Amino acid sequence: MTLTLGSLEVPVPVVLAPMAGITNAAYRRLCAEQGAGLYVCEMITSRGLVEGDETTKRMLVFDEAETVRSVQLYGTDPTYVGQATKILCDEYGVAHVDLNFGCPVPKVTRKGGGGALPWKRNLLGRILEEAVAAAAPYDVPVTMKTRKGLDDDHLTFLDAGRIAQETGVAAIALHGRTVAQAYSGQADWDAIAELVASVDLPVLGNGDIWEAADAVRMVDETGVAGVVVGRGCLGRPWLFRDLASAFGPEGPGATTLPTLGEVTVMMRRHAELLSEHMGEERGCKEFRKHVTWYLKGFRAGGELRRSLGLVDSLAALDRLLAELDGDEPFPVSELGAPRGRQGAPRHRIVLPEGWLDDTDGLGEGSAGVLEDVDETTGG
Ligand SMILES: Cc1cc2nc3c(=O)[nH]c(=O)nc-3n(C[C@H](O)[C@H](O)[C@H](O)COP(=O)(O)O)c2cc1C
């Protein structure tokens, strides 16, 4: 089973979910070394890119092994999004642009961005039109990623699907949660199936894929053209090996169960790639947040975990990893279990004043919503 996004042919229907602070060049390469798929860069802001913001530019780096460059843009202003899309295609040679309409972070929804934006249908349409028009001369597909809606009383996904189709978007990814749910509860795969039934463009399903078998089940149950995998691969890049084989000619195989020794090899590789891209000090610092995920369910003692969480050089990492028992088998109790952020639902979604009054509008004024340069929280 392959995935077709406009001109882009992905050999397996598997997409690494953009995750701010995680899916940088090092992590994308690490995952891509495991199996085929589409590996999306962490979110960058349209305005930051257009204005040449340094933080934004630092995030827009690609590994030399990365032949297909895929980037997620955040934006609330159609003009900036159009310009940013053009820059990505023209100067960065990207082969795919995804647009973020799912972020639940209050700092973002307060401005009408991320998951709040699809409520303004005209604004959503204008942004998509601008992006699609900017990418068209380069034959680069534009996709969008969204949630079910603001909350159960303000669903937006079916309208978003229709608007995506009308504006020439190549696919729509749906995370089966509302903004109010954030990462809590269970993703609603029925909503994903409903979207598949209501549009003619490819739908990508997202939410709660923890194992390759879940991905196959999502395709079977909902009819999606592909899956988007986020938290399930945290500390488990080999999930992409299982996913690629599950959708490959052989079909689902055995789940990869690395020993702790094999996990440490992966950890070392991850830290090394981060160091190559960011320098050793920053790379090791970045690596720290992944330690808990890699060691989830293993016996490794608290003291050693704490030291790994403070690692500041590859040599120190090697010394600490050598203390782990390489023969310890993979903790199978972790299979199928949620990992990464889950949190609690939100009682109140922070929105711009009067946002809910009008679902057709454009937000503040005809130019759309004011956009920050440095929005990097993702989600
Ligand atoms: C740490 C983290 C950062 C995220 N950043 C982004 C982001 O920048 N853009 C986006 O569209 N989604 C982002 N997400 C949401 C994921 O892409 C995905 O939709 C969500 O985690 C649900 O999929 P999952 O159940 O496979 O994790 C983020 C999620 C996490 C956990």
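Modeller: Buried area denotes the accessible area, taken with a 1.4 Å probe, that two parts lose on being put together, summed over both. The structure discussed here is a predicted model.

Biologist: How much area do domain 1 and domain 2 bury between them?

Modeller: The domain assignment of the protein chain gives domain 1 as residues 3-247 and domain 2 as residues 260-328. Their contact takes 18 residues from domain 1 and 14 residues from domain 2. Of the area buried between the two domains, 67% is on carbon and sulfur atoms. The total for domain 1 and domain 2 is about 1300 Å².

Biologist: How far apart do the C-alpha centres of domain 1 and domain 2 lie?

Modeller: The two centres are those of the assigned ranges, 3-247 for domain 1 and 260-328 for domain 2. Between these C-alpha centres the separation is 29 Å.

Biologist: Which residues of domain 1 lose the most area to domain 2?

Modeller: The buried area shared by domain 1 and domain 2 is about 1300 Å². On the side of domain 1, three residues together account for 32% of what that side buries. These residues are Ala-26, Leu-30 and Gly-235.

Biologist: Which side chains meet in the salt bridge across the interface of domain 1 and domain 2?

Modeller: The rule finds one salt bridge across this interface, and three residue pairs are in polar contact between the domains. Helix α1 (residues 25-32) gives the largest share of the side of domain 1 that touches domain 2, namely five residues. In the salt bridge, N and O come to 2.5 Å, and the side chains are those of Arg-269 and Glu-33.

Biologist: How many residues apart in sequence are the parts that the pair of Asp-63 and Arg-29 ties together?

Modeller: The side chains of Asp-63 and Arg-29 form a salt bridge at 2.9 Å, N to O. Asp-63 lies in the loop between α3 (54-59) and β5 (70-74), whereas Arg-29 lies in helix α1, so the pair joins parts whose separation in sequence is 34 residues.

Biologist: Is Asp-63 buried or exposed?

Modeller: The cut-off for a buried residue is under 20% relative accessible area. Asp-63 has a value of 4%, and therefore counts as buried.

Biologist: Which helices hold Asp-318 and Arg-268?

Modeller: Asp-318 and Arg-268 form a salt bridge whose closest N and O atoms are 2.6 Å apart. The two residues are 50 residues apart, so that distant parts of the chain are linked: Asp-318 is in helix α14 (residues 314-322) and Arg-268 in helix α11 (residues 260-278).

Biologist: Which residues do salt bridges that share partners join into one network?

Modeller: Asp-318 is partly exposed at 32% relative accessible area, and Arg-268 is partly exposed at 23%. Shared partners join both of them with others into one network, made up of Arg-29, Glu-33, Asp-63, Arg-268, Arg-269, Glu-272 and Asp-318.

Biologist: Which residue forms a salt bridge with Asp-159?

Modeller: Asp-159 is partly exposed, with a relative accessible area of 25%. The closest N and O atoms of its salt bridge are 2.8 Å apart, and the partner is Arg-121.

Biologist: Which elements do the buried residues of α7 pack against?

Modeller: The buried residues in α7 are Phe-157, Ala-160, Gly-161, Ile-163, Ala-164 and Thr-167. They pack against two helices and two strands, namely α6, α8 (189-198), β7 (142-147) and β8 (171-175).

Biologist: Where is Cys-103 placed?

Modeller: UniProt lists Cys-103 for "active site" in an unreviewed entry. Its relative accessibility is 0%, so Cys-103 counts as buried. Its place is the loop between β6 (96-101) and α5 (106-109).

Biologist: Does Asp-208 count as buried or exposed?

Modeller: Most residues other than glycine have a negative phi. Asp-208, in the loop between β9 (203-206) and α9 (212-222), has a positive phi of about 65 degrees. Its relative accessibility is 13%, so Asp-208 counts as buried.

Biologist: Does Asp-139 count as buried or exposed?

Modeller: Asp-139 is in the loop between α6 and β7, and its phi is also positive, near 60 degrees. The cut-off for an exposed residue is over 50% relative accessible area. At 53% relative accessibility, Asp-139 therefore counts as exposed.

Key. Residues are numbered from 1 along each chain as its sequence is written. This is a predicted model: local features need pLDDT of at least 70, side-chain atom pairs count only at pLDDT 80 or more; totals for chains, interfaces and linings use all residues. Side-chain values use heavy atoms; hydrogens and water are left out. UniProt positions are given in the numbering used here, feature names are shortened, and annotations may be inferred rather than shown by experiment. Helices (H or I, at least four residues) and strands (E, at least two) are DSSP runs, numbered from the N terminus. Buried means under 20% relative accessible area, exposed over 50%, partly exposed in between (1.4 Å probe, protein chains only). Domain bounds come from an automatic or database domain assignment. Contact means heavy atoms within 4.5 Å. A salt bridge is a side-chain nitrogen of Lys or Arg within 4 Å of a carboxyl oxygen of Asp or Glu. A polar contact is a pair of N or O atoms within 3.5 Å; within protein, one must be able to donate a hydrogen and the other to accept it, and residues adjacent in sequence count only if both atoms are side-chain atoms.
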